[in-house]
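Got your viewer open and your selection tool ready? Let's take a walk through this one, stop by stop.

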Amino acid sequence: MREIQISQITDVIERLCIEANEHLPEDVKCAILKCRACEDGKIAKSVLDDIITNYEIADEEEVPICQDTGMACVFLEIGQDVHLVGGSLSEAVDEGVRRGYQNGYLRKSVVKDPVRRGNTGDNTPAMLYTEIVPGEEVRITVGPKGFGSENMSAVRMFKPSAGLQGIKDFIIEVVRTAGPNPCPPMVVGVGIGGTFDKCAFLAKKALMRPLDVRNPDSFYADLEVEMLDQINRLGIGPQGFGGRTTAIGLNIETMPTHIAGMPCAVNISCHVTRHKTAVI
């Protein structure tokens with residue numbers, strides 16, 4: 001059994017909140033550059049050039065890539081041989097987010113109540129997702145999620161009779177409806193299986209996977225490639241001005257489900273699909 005002080009988790013989350021907002025992952029940068037090389041429209045090229053310049057400035061000057069610094073989604077994979085000591089885990093996570101958003105001068109976007117509103121002033125609470133895994137380490141991923149794209153996401157409870165085509169049509173429907181709203185080029189996370197809530201989690205988790213890493217199941221790996229191609233044939237293009245690049249990536253995560261169902265969730269993200277990971 002390995003003991004880990006809860007304060008270590010706070011310190012790491014503080015750092016990851018800042019780094020994730022200032023530095024786009026390399027796989028996302030590479031995907032944008034690859035799409036820029038394939039564009040032939042003047043406006044599409046210009047928009048992608050501005051996107052590239054923007055993340056280069058953010059890297060160099062260590063400033064946020066986007067004014068919407070997102071709601072902090074924190075994924076913890078906790079080794080079952082770890083004993084967390086020194087306080088409450090959820091409080092430690094929120095303290096890390098609080099410090100990160102204050103010390104990093106990041107915009108605070110969380111309201112106290114979904115209906116009555118009122119800003120919490122420190123971007124807490126975090127959206128916390130925990131998984132117990134083998135080992136004696138804690139793997140922490142912080143993915144700030146802006147709501148221009150989050151608002152365009154959807155979940156549908158399919159019956160098995162809808163088949164694969166039903167899922168394909170749903171993915172295209174969600175992206176087409178989103179249009180220019182999520183600041184394309186988008187990254188599309190798809191969750192299939194589980195329950196109403198679990199498939200949404202899978203879709204969010206899919207956005208944390210590098211865009212150059214395919215699903216280990218060849219069936220879903222091929223589906224990722226197929227659906228990305230179909231999305232880019234929609235012609236929405238960078239920032240909705242038309243072009244070959246409507247999405248730079250699409251990841252699918254799945255899990256078993258009930259015999260009577262086939263839940264599917266599509267979590268839309270903008271081209272600023274931020275996430276940073278550290279292991280304690």
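Start with a pair of facing residues: select V155 and A265, since A265, in β9, is the bridge partner of V155. Before moving on, a word on what you're looking at: this is a predicted model, where local features need pLDDT of at least 70, side-chain atom pairs count only at pLDDT 80 or more, and totals for chains, interfaces and linings use all residues. Residues are numbered from 1 along each chain as its sequence is written, and side-chain values use heavy atoms, with hydrogens and water left out.

**Stop one: the sheet around that pair**

Now widen the selection to β6 and to β9, residues 262-269; these strands pair in the antiparallel sense over five bridges. (Strands here are DSSP runs of E with at least two residues, helices are runs of H or I with at least four, and both are numbered from the N terminus. Two strands pair if DSSP finds at least two bridges between them.) Strands of a sheet pair through backbone hydrogen bonds, either parallel or antiparallel.

Add β7 and β8, and you have an open sheet of four strands in the order β6-β9-β7-β8, with mixed pairing. Which strands stand at the edges? They are β6 (154-158) and β8, each with a single partner strand, so one side of each is left without a neighbour in the sheet. From one strand to the next, the twist averages 15°.

Next, show α6. This helix lies across β6, β7, β8 and β9, and runs at about 25° to β9. (Angles like this one run from 0 to 180 degrees between N-to-C directions, using lines fitted to C-alpha atoms, for helices over the stretch in contact.)

**Stop two: T254**

Staying with this sheet, click on T254, which lies in strand β8. It counts as partly exposed because its relative accessibility is 31%. (Under 20% relative accessible area is buried, over 50% is exposed, and partly exposed is in between, using a 1.4 Å probe and protein chains only.) Try a distance label too: the C-alpha atoms of T254 and C264 are 9.2 Å apart, with the two residues ten places apart along the chain.

What does T254 touch, leaving aside neighbours within four places in sequence? Light up I192, L202 and Y220. (Contact means heavy atoms within 4.5 Å.)

**Stop three: helix α8**

Y220 belongs to the buried residues of α8, so to speak our next stop; the full set is Y220, A221, L223, E224, M227, I231 and N232. They cover an arc of only 160° around the axis, which puts them on the same side of α8. (The arc is that of the directions from the helix axis to the C-beta atoms.) An α-helix has 3.6 residues a turn, so residues three or four places apart point the same way.

Those buried residues pack against α6 (163-178), β7 (186-194) and β8 (247-257). Rotate to the face turned away from the buried side, and you'll find the exposed residues S218 and D222. At the N-terminal end, D217 acts as a cap: one of its side-chain oxygens lies 2.9 Å from the backbone nitrogen of F219.

**Stop four: another sheet**

Select β4, β2, β5 and β10. These four strands form an open sheet in the order β4-β2-β5-β10, again with mixed pairing. The edges are β4 (127-133) and β10 (276-279), each with a single partner strand, so one side of each is left without a neighbour in the sheet.

Look at β2: eight of its nine residues are buried. Eight bridges join β2 to β5, and these two run antiparallel; here E77 stands opposite R139. Seven bridges join β2 to β4, and this pair runs parallel, with C73 standing opposite M127. Follow R139 the other way, to β10, and its bridge partner there is V279. Four bridges join β5 (residues 138-145) to β10, which run antiparallel.

**Last stop: K204**

Finish at K204 in helix α7, residues 196-206. Is K204 buried or exposed? Its relative accessible area is 6%, so K204 is buried. Its side chain makes a polar contact of 2.8 Å with the side chain of E150, and another 2.8 Å polar contact joins the side chains of K204 and N267. (A polar contact is a pair of N or O atoms within 3.5 Å; within protein, one must be able to donate a hydrogen and the other to accept it, and residues adjacent in sequence count only if both atoms are side-chain atoms.) Not counting residues up to four places away in sequence, K204 touches C73, F75, Y129, K145, E150 and N267.
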